[in-house]
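Trainee: I should like to take a close look at a single helix and its surroundings. Would you please guide me through that part step by step?

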Amino acid sequence: MLDSASKGLFHLLALITPFKTLASRYGMRHPSSFARRFIAGETTAEAIDAARAVEARSLLITLDHLGESVDSLARADAATREYFEVISRIVDSGIGRNISLKLTQLGLSVDRATCVDNMRRVLDRAEPAGFFIRIDMEGSAHTEVTLEIFETLWSLGYRQMGVVLQAALLRTEGDLLRVLKLGGRVRLVKGAYKEPRTVAYQHKPEIDEAYARLMKILLANGEYPAIATHDPAMHSLAIDLAAEQGLGPEKFEFQLLYGVRRDLQASLVSRGYRVRVYIPFGREWFPYFMRRLGERPANVTSVVTSILDERRARI
């Protein structure tokens, strides 16, 4: 569920050092380890193998090398260079040339100007090779600066990029109109971050209502909209709204997370719609994994059981 209590619980669990240590030790240890349900692997090679398997099911892909919130310019530079390597490996592999990344991974929390420079370095490598780069949205503290950087890059002539907007935030309708005015591409999500009620809706019905309202605007005015949700009701609504606008299946796409609702992925593809799977990978997978559990808290029992079972097996 997407309510505040669920997000709060997993936010707290993520801060418990013993739990984080155990999860990080065992979560990706074996092919059957619990975190691999949502994480493709820790290496680029594993991510590419996962992407090939996804594409074999007639799905599109985007890769996300996890590692947000770096705390030094040296780490930001290292992350930027890691994306150079990811770009090179993707080109060599022949899989789809689509990447998602977070600006705090490139140094946003350390120095804004350096972050912009690092993002330009990534785009300068990616755009000539035919990549599309999606700037992921992070917590609300980063929303405004993320959009400002997107606008700066757009003004500099970068066009093979888009941004993510979160329906849960109260400000998002204005942000959506702001990006659409530029002609930028938007991925619309519900939002996985724990946010205060002063900036975000707290309950699922409110978030659903906001998502439906924003999706209608996006499909009517957007450049190749990305509808990113696992909610079948929203899929049906998107299909109806697209039909009202005269949009064929090639004019927009659905996006779903790796390891989540493969049945929906297959169903949408069988009906002729484009579906892109968001494939996260990397050693810094724990924060992402906890946000996914916050969205689907019923999984926590199986996760905790897996951690304890693997620990006992090692003793």
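Mentor: Let us begin with helix α5, in what is a predicted model. The buried residues of α5 pack against α4 (73-93), β2 (98-101), β3 (132-135), α6 and β4 (161-166). The buried residues in question are Cys-115, Val-116, Asn-118, Met-119, Val-122, Leu-123 and Ala-126. They lie on the same side of α5, because the arc they cover around the axis is only 165°. A general rule helps in reading such a pattern: an α-helix has 3.6 residues a turn, so residues three or four places apart point the same way. As for its length, α5 runs over residues 112-126, which is 15 residues. From the first C-alpha to the last, α5 reaches 21 Å, close to the 21 Å expected at 1.5 Å a residue.

The surroundings of α5 deserve attention as well. Helix α6, one of the elements against which the buried residues of α5 pack, comprises residues 143-155 and contains both Phe-150 and Trp-154. These two are 4 residues apart, about one turn of the helix. Their ring centres are 5.7 Å apart and their planes meet at 35°, so the pair is tilted; planes under 30 degrees apart would count as stacked, and those over 60 as edge-to-face. Phe-150 and Trp-154 are both buried. The structure holds 5 aromatic pairs.

Another pair offers a useful contrast in geometry. The rings of Phe-252 and Phe-254 have centres 5.6 Å apart and planes at 75°, so this pair is edge-to-face. Phe-252 and Phe-254 are buried, and together with Tyr-273 they form one aromatic cluster.

Rings may also lie beneath a charge. Returning to α5, whose residues are 112-126, one finds the charged end of Arg-125 over the ring of Phe-84, 4.0 Å from its centre. A second arrangement of this kind involves Arg-185, whose charged end sits over the ring of Phe-132, 3.8 Å from its centre.

Finally, helix α8 may be read in the manner of α5. Helix α8 (residues 204-221) has 18 residues, which at 1.5 Å a residue should span 26 Å; its end C-alpha atoms are 25 Å apart, which agrees. Its buried residues include Ile-207, Asp-208, Tyr-211, Leu-214, Met-215 and Leu-218. Among the elements that cover the buried residues of α8 are α7 (172-182), β5 (185-189), β6 (226-228) and α9 (232-245).

Definitions and conventions. Residues are numbered from 1 along each chain as its sequence is written. This is a predicted model: local features need pLDDT of at least 70, side-chain atom pairs count only at pLDDT 80 or more; totals for chains, interfaces and linings use all residues. Side-chain values use heavy atoms; hydrogens and water are left out. Rings of Phe, Tyr and Trp (its six-membered ring) pair if their centres lie within 6.5 Å; planes under 30 degrees apart count as stacked, over 60 as edge-to-face and the rest as tilted. Buried means under 20% relative accessible area, exposed over 50%, partly exposed in between (1.4 Å probe, protein chains only). A charge sits over a ring if NZ of Lys or CZ of Arg is within 6 Å of the ring centre and within 35 degrees of the ring normal. The expected span of a helix is 1.5 Å times one less than its number of residues. Contact means heavy atoms within 4.5 Å. The arc is that of the directions from the helix axis to the C-beta atoms.
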